[in-house]
Amino acid sequence: MELIRNKHGKLTGVIRELAGGRERLYTPTGKAIADYDSVTRATYDTDRHRIGSGNRLAGLVEDEE
């Protein structure tokens, strides 16, 4: 599990490892945002639409200040 924090130390996201070499990004309240699949080396939204190549999970975190 990886905790993502903004520059003020506030928790803005959580990345958890899943089975099959996948990772999932969650909001601090537990809502799933996107998945990274290491087999296809692509990031997908929750509807399995491809967002981009590579692991882009950390860049999808929204920082509400």
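**A six-stranded antiparallel sheet: group meeting presentation**

Good morning. Buried residues, meaning those under 20% relative accessible area, make up 28% of the 65 residues in this protein. On the same scale, exposed means over 50% and partly exposed lies in between, with a 1.4 Å probe and protein chains only. This is a predicted model, in which local features need pLDDT of at least 70 and side-chain atom pairs count only at pLDDT 80 or more, while totals for chains, interfaces and linings use all residues. Residues are numbered from 1 along each chain as its sequence is written, and side-chain values use heavy atoms, with hydrogens and water left out.

Let me begin with the overall form. The C-alpha atoms fill a box of roughly 35 × 20 × 20 Å along the principal axes. The radius of gyration of the protein is 12 Å, which agrees with the value near 11 Å for a compact globule of 65 residues. That radius is taken over C-alpha atoms, and the globule rule is 2.2 Å times the number of residues to the power 0.38. The accessible surface comes to about 4,500 Å², and carbon and sulfur atoms account for 45% of that surface; the areas come from the Shrake-Rupley method with a 1.4 Å probe, and for residues only the protein chains shown count as cover.

Next, the secondary structure. The protein has zero helices and six strands, and along the sequence the pattern reads β-β-β-β-β-β. Both kinds of element are DSSP runs numbered from the N terminus: helices are H or I with at least four residues, and strands are E with at least two.

How are the six strands ordered in the sheet? They form an open sheet in the order β1-β2-β3-β4-β5-β6, with antiparallel pairing; two strands pair if DSSP finds at least two bridges between them. Strands β1 (2–5) and β6 (50–53) stand at the edges with a single partner strand each, so one side of each is left without a neighbour in the sheet. From one strand to the next, the twist averages 20°; the axes behind such angles are lines fitted to C-alpha atoms, for helices over the stretch in contact, and the angles run from 0 to 180 degrees between N-to-C directions.

We may now follow the pairing through the middle of the sheet. Strand β2 (residues 11–18) is antiparallel to strand β3 (residues 22–26), with five bridges between them. Within this pair, Val14 has Tyr26 of β3 as its bridge partner. Tyr26 also has a bridge partner in β4, namely Ala32. Strands β3 and β4 again pair in the antiparallel sense over five bridges. Their hairpin has five residues between the strands, and there Gly30 takes a positive phi near 100°. Strand β4 is in turn joined by four bridges to strand β5 (residues 42–45), and these two run antiparallel.

Let us look at two residues of β4 in detail. Tyr36 is placed in this strand, which covers residues 32–37. Is Tyr36 buried or exposed? Its relative accessibility is 13%, so Tyr36 counts as buried. Its bridge partner in β5 is Thr43. Leaving aside residues up to four places away in sequence, Tyr36 touches several others, among them Gly21, Ala42, Gly54 and Leu57; a contact here means heavy atoms within 4.5 Å.

Asp37 also lies in β4. At 10% relative accessibility, Asp37 counts as buried. The side chain of Asp37 reaches the backbone nitrogen of Val39 at 2.8 Å. This is a polar contact, that is, a pair of N or O atoms within 3.5 Å; within protein, one must be able to donate a hydrogen and the other to accept it, and residues adjacent in sequence count only if both atoms are side-chain atoms. With the same sequence neighbours set aside, Asp37 touches Gly21, Arg22, Ala42, Tyr44 and Arg48.

Finally, I turn to two loop residues. Most residues other than glycine have a negative phi. Arg41, in the loop between β4 and β5, has a positive phi of about 55° although it is not a glycine. Arg41 is exposed, with a relative accessible area of 59%. Where is Arg48 found? Arg48 is in the loop between β5 and β6. Arg48 is not a glycine either, yet its phi is positive, at about 65°. At 41% relative accessibility, Arg48 counts as partly exposed.

Thank you for your attention.
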